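Subject: Structure handover

Hello,

Here is the structure you asked me to pass on. Please have it open while you read the notes underneath.

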Amino acid sequence: MAKQVKTIGILTSGGDAPGMNAAIRAVVRTAIHRGLEVKGIMRGYAGLLQEEIVDMNSRSVSDIVHRGGTILYTARCQEFTTEEGQKKGAEICRKHNIDGVVVIGGDGSFRGAGKLSALGINTIGLPGTIDLDIACTDYTIGFDTAVNTAMEAIDRVRDTSTSHERCSIIEVMGRNAGYIALWCGFANGAEDILLPEKYDGDEQSLINRIIENRKIGKKHHIIINAEGIGHSTSMAKRIEAATGIETRATILGHMQRGGAPTCKDRVYASIMGVRAAELLCEGKSNRVVAYKNGEYVDFDIQEALAMTKDIPEDQFRICKLLVR
Ligand code: ADP
Ligand code: F6P
């Protein structure tokens, strides 16, 4: 028999991502429309354990659909990874009459959501991360905005790189995943992309390509280096020494996480937020909402966490082929 929820909580956890606010708005308004009470849990699991819990109504989410970051703030919380912390979290939910929780975050946050669910609090995960590194879904809230922000920044670096006839290493975020780097590789026409999933560490081949490209008249050499490989500054020094070509490193950093969400992130996050609230209304728990093969679907959290995905081989090949 499905458990009927009356009051739900919502939290954002892990790195913030543009579009999280659109998802929060959708969850809150859908739940209220369905007659539920809604509470905002501030600062992720850390705020849950500190009982930073506020009542929310339709007006609490006014004027946020277009804003980056998360109005609920976010945090990482070591205590919640312990059994004691999780039990305390479930007790606090019960104390505040919260019988369902929507968790917006990445795989780590879903692990926490799975634990809450096992402790009797109905829990639904929404994929929120700029890294696109959640295996069960082809879309994560924030990736589209982040990759567009990175693309525009790289265009700017390219202008100055061409003018000075330099080599530029631009480091993009993604934790251990290379999706932002791959997409920028396509969109910025980078001469090289270094992805953690693919790079074999052969710097000599990279140096040879830079020298070859200079010989055939290329005025710049843009290398997009994923954060998972890192070391962009020392790499730049070694490349300059080996090629004699001025080489600069630019680490884009947190600018990729901020800013107004793109239309796609607002729309997809809104639809996913509605779906999360509906799943709770249907008495579902331990599910994560995903976008797979063109459809919004949901998966069991543990099944979702056991899935794997990799950089599509064909996309990697095509990306490299186009810069000849
Ligand atoms: P993301 O959700 O983006 O993957 P993290 O891996 O930093 O980000 O996880 C966010 C938070 O989720 C952690 O700070 C912690 O509070 C919680 N979390 C992560 N792993 C677990 C786990 N195994 N069990 C319970 N909670 C976890
Ligand atoms: O997961 C999002 C992300 O921005 C990653 O790309 C990056 O590795 C990490 O978070 C950075 O985290 P912090 O905000 O703690 O520097």
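The notes below cover the two ligands and then the pockets.

Please keep in mind that this is a predicted model.

Ligand 1

Ligand 1 is surrounded by 16 residues, and the closest are Arg-76, Cys-77, Gly-106, Gly-108 and Ser-109. Helix α4, residues 107-118, gives the most to this shell, with six residues. By class, the shell around ligand 1 holds eight polar, five charged and three nonpolar residues.

Two of the polar contacts to oxygen atoms of ligand 1 come from the backbone: an N or O atom of Cys-77 at 2.7 Å, and an N or O atom of Gly-108 at 2.9 Å. From a side chain, a polar atom of Arg-76 lies 3.0 Å from an oxygen atom of ligand 1. On its own, ligand 1 has 550 Å² of accessible area, and the protein covers 81% of that.

Ligand 2

The residues around ligand 2 are Arg-76, Thr-129, Ile-130, Asp-131, Met-173, Gly-174, Arg-175, Glu-227, His-254 and Arg-257. They divide into five charged, three polar and two nonpolar. Arg-76 thus appears in the shell of ligand 2 as well as among the closest residues to ligand 1.

Side chains make the contacts I would look at here. A polar side-chain atom of Arg-76 is 2.8 Å from an oxygen atom of ligand 2, and a polar side-chain atom of Arg-257 is also 2.8 Å from an oxygen atom of this ligand. For His-254, a side-chain N or O atom lies 2.9 Å from an oxygen atom of ligand 2. Taken alone, ligand 2 exposes 400 Å², of which the protein buries 77%.

Pockets

Where do the ligands sit? Ligand 1 takes up space in the largest pocket, and ligand 2 sits in the largest pocket too. This pocket holds about 650 Å³ of space. Its lining has 31 residues, with Gly-14, Arg-76, Gly-108, Ser-109 and Arg-175 nearest the centre. As with the shell of ligand 1, α4 gives the most to the lining of the largest pocket, with six residues. The lining has 14 polar, ten charged and seven nonpolar residues.

The second largest pocket has a volume of about 450 Å³. It is lined by 21 residues, and Glu-191, Asp-192, Ile-193, Arg-209 and Lys-320 lie nearest its centre. β7 (192-194), α7 (203-215) and α11 (313-321) each supply at least two lining residues; the largest share, four residues, comes from α7. By class, this lining has nine nonpolar, nine charged and three polar residues.

Regards

Terms used: Residues numbered from 1 in each chain as written. Chains lettered and ligands numbered in written order. Predicted model: local features only at pLDDT ≥ 70, side-chain atom pairs only at ≥ 80, totals over all residues. Heavy atoms only, no water. Near = heavy atom within 4 Å. Polar contact = N/O pair within 3.5 Å; in protein donor to acceptor, adjacent residues only side chain to side chain. Areas by Shrake-Rupley, 256 points an atom, 1.4 Å probe, with all protein chains shown as cover. 1 Å grid on protein atoms, 1.4 Å probe; cavity = no way out; pocket = protein on both sides within 12 Å on 5 of 7 lines; lining within 4 Å. Sits in = over half its atoms within 2 Å of the grid points. Nonpolar A, V, L, I, M, F, W, Y, C, P; charged D, E, K, R; others polar. Points joined across faces, edges and corners; volume = space filled by probe spheres on them.
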